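The exercises below are to be worked with the sequence and the model side by side. Read each task, try it on the structure, and then follow the solution step by step.

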Amino acid sequence: MESKLFTPVKIGPVTLRNRTIRSAAFESMCPGNRPSQKLYDYHTSVARGGIGMTTVAYAAVCQSGLSFESQLWMRPEIVPELKKLTDGIHAEGAKASIQLGHCGNMSHKSICGCLPVGASSGFNLYSPTFVRGLRKEELPALAADFGKAVNLAREAGFDCVEIHCGHGYLVSQFLSPYTNHRRDEFGGSLENRMRFMVMVMEEVLKAAGDDMGVIVKMNTDDGFKSGQHYDELIQVAKKLESMGVHALVLSGGFVSRAPMYVMRGSMPIYTMTHYMKQWWLKWGVRLGGWAVIPTVPFKEEFFLEDALKFRKELKMPLIYVGGLVRRENFDHVLDLGFDACQVARAVLRDPAFVNHMKEAEQAGKKDCHSGCKHSNYCIGRMYSVDMACHQCNNLDEHLPKRIRKEIAKLEAR
């Protein structure tokens, strides 16, 4: 079968030059909650490397949606800087997307400027902090913030927006019975738990109009027993399809409950704590991190089994993400009916990976590997510094012996 990989694909009104997309993996390159030169350099390098579209990650639609000090916060004063970024991406022939979301309870007052809010009140062990359940009269304004962020994205030159409805962030917190304990019309039945998502998507689709692509990242499974599973999530997907969303990214996991279900493999605990600033958090994670962040074994195409269930039930374009590290992975999932492929760690290790796959094809080679060895060093450091690969020549530090030893141990598994 002839490969579809280097053929164009449409996402709503937007046509990509090929079927590769840099997924919205958090870069942690936005000090002061605004774009940096490092963010510009990274995304333009991926665009130069042949990607069809690159996605700027995890932009908060309002201040209360911030998880990190180095995370984008969508507001008018950063639009010129974002426009510089999208112009740079477009100059390299790629399209530009931005992921918009709200972290919900995954924050702290020192970051988001208020007591963190969520679908329900409770306590967030990861910050740690108490969390206030949102009042129903607050929800329309919060949904409207998503629409305002889409308008800012258009002004900044983005071609697509990706709305984050997965991974245990705010929309996902409303969807999942694990985090939604409400007793009003936004809790209880699945129909009720979808109400906030529907409010958000109505605002997004209205703002996007007919000139922007609208993608939603959602879970195929929360990754633990008391979370949300296929029987409900397929209904969520069908609702999004009926509303006119242009494509879904089929992911999974809950960052507050099953973080490695999202990324797979082991969290490099020593690496993670090496970069932490708070001494109490550093030693707490070193002593108990293995229990709070359990390993979920990595395998190539790790979301494929669940994603195929959705492919059978939906007619809309679906974007596959998860464990794509070599050329044959891309061809495999495209041949199974997915419309495009998202990757993050592969193009962090090698920003020109897409071009290298094309060059290998032209040379008659059957396969091309990204070189990613799944140590998750990049994940361990991104929460405190930025997302970087230890194998890259531009890593601006000499790694301590203990980190190098941990990396070698994880890569040997």
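**Exercise 1.** Leaving aside its neighbours within four places in sequence, with which residues is Gly223 in contact?

Solution. Before starting, note that this is a predicted model, in which local features need pLDDT of at least 70 and side-chain atom pairs count only at pLDDT 80 or more, while totals for chains, interfaces and linings use all residues. Residues are numbered from 1 along each chain as its sequence is written, and side-chain values use heavy atoms, with hydrogens and water left out.
- Step 1: find Gly223 in the loop between S10 and helix H8 (230-243), where helices (H or I, at least four residues) and strands (E, at least two) are DSSP runs, numbered from the N terminus.
- Step 2: apply the cut-off for contact, which is heavy atoms within 4.5 Å; beyond the neighbours within four places in sequence, Gly223 is in contact with Ala258 and Tyr261.
- Step 3: compare sequence with space, since Gly223 and Ala258 are 35 residues apart in sequence and their C-alpha atoms are 6.1 Å apart.
- Step 4: Gly223 has 27% relative accessibility and therefore counts as partly exposed (buried means under 20% relative accessible area, exposed over 50%, partly exposed in between, with a 1.4 Å probe and protein chains only).

**Exercise 2.** Work out why strand S9 (residues 160-164) is described as largely enclosed by the rest of the structure, and find the strands with which S9 pairs.

Solution.
- Step 1: five of the five residues of S9 are buried, so the strand is largely enclosed by the rest of the structure.
- Step 2: look at the directions of the side chains, where Cys160, Glu162 and His164 point one way from S9, Val161 and Ile163 point the other way, and all are buried.
- Step 3: two strands pair if DSSP finds at least two bridges between them; strand S5 (residues 95-101) and S9 are joined by four bridges in the parallel sense, and Leu100 has Ile163 of S9 as its bridge partner.
- Step 4: S9 also pairs in the parallel sense with strand S10 (residues 213-219), over five bridges, and there Ile163 has Val216 of S10 as its bridge partner.

**Exercise 3.** Give the order of the three strands in the open sheet that holds S6, S7 and S8.

Solution.
- Step 1: the order is S6-S8-S7, and the pairing in this open sheet is mixed.
- Step 2: strand S6 (117-118) and strand S7 (122-124) are the edge strands, each pairing on one side only.
- Step 3: S7 and strand S8 (residues 129-133) run antiparallel and are joined by three bridges, and Gly122 has Val131 in S8 as its bridge partner.

**Exercise 4.** How many disulfides does a search of the whole structure find?

Solution.
- Step 1: a disulfide is counted when a pair of cysteine sulfur atoms lies within 2.5 Å, and the search finds zero.
- Step 2: the sulfur of Cys103 is 6.2 Å from the closest cysteine sulfur, in Cys112, and this is too far for a bond.
- Step 3: Cys378 is in no disulfide either, the nearest cysteine sulfur, that of Cys372, being 6.5 Å away.
- Step 4: Cys103 is buried, with a relative accessible area of 0%, and Cys378 is buried, with 9%.

**Exercise 5.** Describe the largest cavity and the largest pocket by volume and lining.

Solution.
- Step 1: on a 1 Å grid over the protein atoms alone, a cavity is a set of points where a 1.4 Å probe fits but cannot get out, whereas a pocket is an open set with protein on both sides within 12 Å along at least five of seven lines; lining residues have an atom within 4 Å of a point.
- Step 2: grid points are joined across faces, edges and corners, and a volume is the space filled by probe spheres set on the points.
- Step 3: the largest cavity has about 570 Å³ of space, and of its 34 lining residues the closest to its centre are Ser23, Ala25, Val262, Met263 and Ala344.
- Step 4: the largest pocket has a volume of about 1200 Å³, and of its 35 lining residues the closest to its centre are Phe68, Tyr126, Ser127, Met276 and Leu281.
- Step 5: the largest share of the lining of this pocket, seven residues, comes from H11.
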